[in-house]
Amino acid sequence: MKVLDLACDVGHSFEGWFGSEDDYLQQRQQGLLTCPACGSAAVEKKLSAPRLNLGATAPGCEVVPAADADAEHARQARLWRAVREVLAHTEDVGAGFAEEARRIHEGQAPERGIRGQASAQEVKSLLEDGVQVMPLPLPADMKETLQ
Ligand SMILES: [Zn+2]
């Protein structure tokens, strides 16, 4: 079934229900399609997009992009997964991070993944000495639930 918004030559608008676009064209061709208000056979489809009663998007209609809120939510979910992955494979050394990272780097402590807190100065110093460290961006609401 196809519902078309129609209008006659004097501007009455009404809906026409057809089996298909061809049905509409055929009825119109044969003069069977008349305005219910004035009987005029000069009926045209209105310029507005036709509605298909199938839930499909009418041709020419823009699909509305996902809301920013959804994109932000998806980004947050990916971040959470990444953070959980890191947490599952690292040992928390807390405030002793810089010292422990250096010990591991120098072979004085067992090689393993660690995480903890370090000041910007400590991180800079570690990087200068060739110790690979990277910031872990914790979602704001996750910091409170840690430990
Ligand atoms: Zn009319």
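Which glycine, with a positive phi, follows H3? The tour returns to this question at its fifth stop.

**Before starting**

The structure is a predicted model, in which local features need pLDDT of at least 70, side-chain atom pairs count only at pLDDT 80 or more, and totals for chains, interfaces and linings use all residues. Residues are numbered from 1 along each chain as its sequence is written.

**Stop 1: the whole chain**

Display the full chain, which holds five helices and six strands. Helices (H or I, at least four residues) and strands (E, at least two) are DSSP runs, numbered from the N terminus. From that terminus on, their order is β-β-α-β-β-α-β-α-β-α-α. Of the 147 residues, 9% count as buried; a residue is buried if 20 or more other C-beta atoms lie within 10 Å of its own, exposed if 12 or fewer, and partly exposed in between, with C-beta atoms placed from the backbone.

**Stop 2: confidence**

Colour the chain by pLDDT, the predictor's confidence in each residue, from 0 to 100. The average is 79, and 77% of the residues score at least 70. Next, select residues 49-58, where pLDDT stays under 50 and the model has 15 contacts beyond four places in sequence. Two residues are in contact if their C-beta atoms, placed from the backbone, lie within 7 Å. Residues 60-64 also have a pLDDT below 50, with three contacts beyond near neighbours in sequence. Where pLDDT is low, the predicted coordinates should not be read in detail.

**Stop 3: strands E1, E2 and E3**

Select E1 (residues 2-8) together with E2 (residues 13-18). The two strands pair in the antiparallel sense over six bridges; strands pair if DSSP finds at least two bridges between them. Leucine 6 has phenylalanine 14 of E2 as its bridge partner, and leucine 4 has glycine 16. E1 and E2 form a hairpin with four residues between them, and glycine 11 in the turn has a positive phi of about 100°. E2 is hardly covered, as the count of buried residues among its six residues is zero.

Add E3 (residues 43-45), which pairs with E1 in the antiparallel sense over three bridges. Here alanine 7 is partnered by glutamate 44.

**Stop 4: the nonpolar cores**

Show the side chains of Leu4, Leu6, Cys8, Tyr24, Leu33 and Val43, the six residues of the largest nonpolar core. Such a core is a set of buried Ala, Val, Leu, Ile, Met, Phe, Trp, Tyr and Cys residues joined through C-beta atoms within 7 Å. E1 contributes the largest share of this core, three residues. Apart from it lies another core, of five residues, including Phe97, Ala98, Ala101 and Ala118.

**Stop 5: helix H3 and its surroundings**

Select H3 (residues 97-105), in which Phe97, Ala98, Glu100 and Ala101 are buried. Viewed down the axis of H3, its buried residues fall within an arc of 165°, so they line one face of the helix; the arc is that of the directions from the helix axis to the C-beta atoms. They pack against E5 (91-94), E6 (114-116) and H4 (120-128). The glycine sought at the outset is glycine 107, which follows H3 and has a positive phi near 80°.

E5 and E6 run parallel and are joined by three bridges. Glutamate 91 has isoleucine 114 of E6 as its bridge partner. The chain passes from E5 through H3 to E6 in a right-handed β-α-β crossover: with the strands pointing away from the viewer, the path from the first strand over the helix to the second runs clockwise.

**Stop 6: helix H4**

Finally, select H4. Of its nine residues, the number buried is zero, so H4 lies largely in the open. Glycine 130 follows H4, with a positive phi near 85°.
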